[in-house]
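Biologist: Could you take me through one helix in this model and what surrounds it? I'd like a close look at that part, then how it sits in the whole chain.

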Amino acid sequence: MENREDLRSILPFLPLKLNSSTLSWPNQVIEALKSLSKGPSHSRVDSGEVLFLAISDLRNSLSLSSHPFANSAADGYALFFDEFLSRAEAAKWFGEVVPLMANLLLRFPAFLESHYQYADLIMVGVDTGLRLLEPQQPGIVFLSQELIAALLSCSFFCLFPTANRVTNHLPVINFDRLFASLYEKYHENLEHKIKCIVHYFERIHSSVPVGYVSFERKVLVLENNAPLVTYPTANLWAKSVVPLCLFEVCSSGLIEDQLRGALEVDFANKYLGGGALSRGCVQEEIRFMINPELIAGMLFLPSMSDNEAIETVGAERFSNYSGYASTFRYAGNHVDIREIDSFGRRKTIIVAIDALRSPGLRQYRVDSLLREVNKAFCGFLDQLNYQQYQMLLQYCDSCVVRGGNDPMDADVSDIQATLVEDSGMSPDNNEAKATQNVTSQMQVHHSDVGIATGNWGCGAFGGDPELKSVIQWLAASQVCKWIMSHNWTVGDLWNMLVDYSSKRAKGETNLGFFSWLLPC
């Protein structure tokens with residue numbers, strides 16, 4: 001264990017210690033968790049006020065007293081659990097759910113050891129162990145839902161060290177700021193954010209999930225570095241002859257409610273989760289409340305640069321809701337019926353892409369257009385699939401993909417057939433079997449599932465909705481028909497967008513892009 005680079009990178013951000021190749025809690029923490037696991041008759045934890053005292057004792061046993069709580073955190077825990085829960089709800093929470101969370105924490109070291117034992121076996125040639133997914137380093141982490149439940153229990157009890165998180169550009173991970181916000185400036189939407197979190201823990205008390213969730217840092221590298229995809233230039237976009245993809249405009253509905261298996265866009269902050277664990281309550285924060293397993297990524301994913309995106313596959317949805325921002329309300333249990341892929345992940349693909357913040361007229365400059373379109377491209381691109389395609393080619397130096405098509409457009413089954421035929425290998429050959437193994441993994445996440453998105457970066461971030469819709473290849477239905485009738489390519493539309501943006505930046509037009517583009 002001590003020789004694992006992945007574990008060494010994340011260990012400073014975990015509350016566990018590593019002794020003689022074994023992960024463990026300090027003895028004082030073990031005794032305190034054992035007491036909590038036996039329920040309030042043994043631990044005396046039967047109120048929010050006493051719960052916070054127990055959390056403080058655990059933190060002191062971990063020598064975290066130098067990492068102060070958010071102001072008013074104690075008042076927030078007391079307010080929610082002593083004032084907002086009914087007597088029956090409080091009895092269940094303290095009598096059943098808190099003991100379960102304590103048991104999860106007691107098993108946390110064993111969960112992690114098991115995780116690292118199997119991390120090298122999940123994907124051929126790909127590291128999947130829990131680690132700090134550092135900036136400009138593409139990579140993926142697979143976590144079991146059971147391990148995530150233990151991680152979120154750590155967050156609830158505020159047990160993660162915070163000393164080095166800011167310097168490593170990591171978002172907030174403990175829940176103290178969320179509870180402090182509830183007390184310091186109460187609003188009903190904050191109460192309902194916490195209700196979503198509480199409901200998640202109540203659900204896992206009934207049945208701990210057994211699937212997996214993956215978290216991937218996606219990077220468009222700034223220099224040519226095969227097999228990674230490089231950051232496209234404005235000239236590349238201008239000369240692109242790729243035809244515009246088909247799309248559909250819906251006047252109602254929610255991204256998370258689509259059932260076609262489409263990639264779902266998270267209108268993200270550059271710090272994953274944004275204000276999920278504080279006062280934020282717009283698109284990204286709401287998604288993190290109804291799919292709380294997303295919060296686990298905040299532990300090990302530093303902020304995104306302009307050429308990066310974060311993709312999560314498999315996060316289960318636990319809650320329904322109504323409203324938005326100040327009107328957000330928890331609306332009961334949600335049963336997630338998404339299919340499961342061969343890795344045990346729900347077929348829910350969420351990609352976090354952060355738009356320019358308050359761009360004003362700057363958003364019409366070519367460099368800003370390029371930043372936004374490449375940010376979306378990075379998020380939408382299945383880069384891991386592309387890397388595995390490159391691995392596939394390495395099994396046969398003499399193979400050729402017929403037709404001269406771009407490898408990103410090649411059909412997986414055609415690639416496999418070409419590899420086997422051109423290499424002269426029989427299907428029983430060991431190399432052919434290895435090729436088939438990689439191919440089966442590629443088919444899990446194919447590129448034809450589509451994208452479900454909306455007004456990315458157009459709310460609090462102040463972006464131009466029409467500009468952003470074109471950047472994401474979405475527009476109103478009448479614009480779609482007109483564009484498609486002219487058989488425009490990606491390069492054609494890019495050049496028109498640049499022309500319009502130049503005129504808008506110079507004050508030569510105040511029309512929206514669609515009004516400028518369409519004939520009278």
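**A helix and its surroundings**

Modeller: Right after helix α7 comes C158, with a positive phi near 60 degrees. Before going on, bear in mind that this is a predicted model, where local features need pLDDT of at least 70, side-chain atom pairs count only at pLDDT 80 or more, and totals for chains, interfaces and linings use all residues. Residues are numbered from 1 along each chain as its sequence is written, and side-chain values use heavy atoms, leaving out hydrogens and water.

Now the helix itself. α7 covers residues 145-156, so 12 residues, and spans 16 Å from first C-alpha to last, close to the 16 Å expected at 1.5 Å a residue (that expectation is 1.5 Å times one less than the number of residues). Helices here are DSSP runs of H or I with at least four residues, strands are runs of E with at least two, and both are numbered from the N terminus.

α7 is mostly covered, with 11 of its 12 residues buried. Buried means under 20% relative accessible area, exposed means over 50%, and partly exposed is in between, using a 1.4 Å probe and protein chains only. Among the buried ones are L147, I148, L151, L152 and F156.

F156 takes us to the largest nonpolar core, which has 97 residues; F156 is listed there with F81, W93, F157 and F201 as those with the most contacts inside it. Helix α6 (residues 87-118) gives the most to this core, with 14 residues. Such a core is a set of buried Ala, Val, Leu, Ile, Met, Phe, Trp, Tyr and Cys residues joined through side-chain atoms within 4.5 Å. In soluble globular proteins, nonpolar side chains tend to be buried together.

F81 links back to α7's end: F156 is one of the residues F81 touches, along with G48, L51, A90, W93, F94, F179 and V198, not counting residues up to four places away in sequence. Contact means heavy atoms within 4.5 Å. There's also a second, separate core of 16 residues, including W237, L493, W494 and L497.

C158 has company in its positive phi. R44, not a glycine either, has a phi of about 65 degrees; R44 sits in the loop between α3 (40-43) and α4 (48-61) and is exposed, at 59% relative accessible area.

Zooming out, the chain has 19 helices and 10 strands, and 54% of its 520 residues count as buried. Of the contacts with a separation of 6 or more, 73% are between residues 24 or more positions apart.
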